[in-house]
Structure formats: structure tokens, C-alpha cells
Amino acid sequence: MDTNGHGNIFNQRNIVPEISPYIDAISISLNAESKEKYNRLSRPIFSDAYEAVIEFIKVSKMHIKDVTVSVVNLPIVDIKKCEKIAEDLKVNFKLRDFVRSL
């Protein structure tokens, strides 16, 4: 499953235990190493979306065997800091290529 990690904040409750029996892997878009950059890149509708994504990652790790966080390879993103966040959260890390659509 691929997600932006907003499921809990959008639903105003922890949905991970409900979805975890149906998936064996989840990829969550971390997108940036800080709230400021995340807001600039992702333009979320929730003011505390970055914190919610981090919490979603933590909760996912408790219920889902294979958790990966990903970021797009953009000059504004500090890839090393994002890798460190993934390492600290004990989840996999994936660097995605930027693909511009026409």
C-alpha cells in the first residue's frame, strides 16, 4: 500500500489496526526532513500533517511487518536527514526519482 500518511488525521482516529490485516507492506511518503519543508512541498490541508505522518509511521511499524518511508529526490530535500529519520524510526528508506508530467 502507498500512502501519504494522513489516514489517521483525516479519519480522526487510528485506522492502522483496521487496515493492517489486509496489507503486508506499506510505503509512506515522508517527503521532507522538517515540517517547514514538508508544508512547502506537500501543501497539506492539515496544519499538523508532518507530525501526523511521523506518528502514522510509528503506529504502522507496530502493526505492519514491512514499513518504508520515501522521499522524492529534489534539491530542497536533505536526503541524509530523511534517511536518518527512517533509521531512527527503524523503517526502510526509499528514494524516489522526480518525474515531471507533461
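The legends below describe close-up views of a predicted model.

**View 1. The open sheet and its strand order.** The four strands of this open sheet follow the order β1-β2-β3-β4, and their pairing is parallel. At the edges lie β1 (2-3) and β4 (92-96), each of which pairs on one side only. Between β1 and β2 the parallel pairing extends over two bridges, whereas five bridges join β2 (residues 25-29) to β3 (residues 66-72), again with the strands running parallel.

**View 2. Bridge partners around strand β2.** Ser27 of β2 is the bridge partner of Asp2, and Ser27 in turn has Thr68 as its bridge partner in β3. Ile26 has its bridge partner in β3 as well, namely Val67. With a cut-off of under 20% relative accessible area for a buried residue, four of the five residues of β2 are buried, so this strand is largely enclosed by the rest of the structure.

**View 3. Helix α4 across the sheet.** Helix α4, which comprises residues 49-63, lies across the three strands β1, β2 and β3. Relative to β2, the helix runs at about 165°.

**View 4. The surroundings of Glu33.** Glu33 is placed in the loop between β2 and α3 (35-42), and Glu33 counts as buried because its relative accessibility is 15%, which is to be read against the limit of under 20%. A polar atom of the Glu33 side chain lies 3.1 Å from the backbone nitrogen of Asp78. When residues up to four places away in sequence are not counted, Glu33 touches Tyr50, Ile76, Val77, Asp78, Lys81, Cys82 and Ile85; Asp78 is thus named both in this list of contacts and as the owner of the backbone nitrogen just described.

**View 5. The aromatic pair of Tyr38 and Tyr50.** A search of the whole structure finds one aromatic pair. Its members are Tyr38 and Tyr50, whose rings are tilted, with 5.4 Å centre to centre and 55° between the planes. Since Tyr38 lies in helix α3 and Tyr50 in helix α4, the pair ties together parts that are twelve residues apart in sequence. Tyr38 counts as buried because its relative accessibility is 1%, and Tyr50, with a relative accessible area of 9%, is buried too. Tyr50 also appears among the residues that Glu33 touches, and may therefore be followed from the preceding view into this one.

Terms used
Residues are numbered from 1 along each chain as its sequence is written. This is a predicted model: local features need pLDDT of at least 70, side-chain atom pairs count only at pLDDT 80 or more; totals for chains, interfaces and linings use all residues. Side-chain values use heavy atoms; hydrogens and water are left out. Two strands pair if DSSP finds at least two bridges between them. Contact means heavy atoms within 4.5 Å. Axes are lines fitted to C-alpha atoms, for helices over the stretch in contact, and angles run from 0 to 180 degrees between N-to-C directions. Buried means under 20% relative accessible area, exposed over 50%, partly exposed in between (1.4 Å probe, protein chains only). A polar contact is a pair of N or O atoms within 3.5 Å; within protein, one must be able to donate a hydrogen and the other to accept it, and residues adjacent in sequence count only if both atoms are side-chain atoms. Rings of Phe, Tyr and Trp (its six-membered ring) pair if their centres lie within 6.5 Å; planes under 30 degrees apart count as stacked, over 60 as edge-to-face and the rest as tilted.
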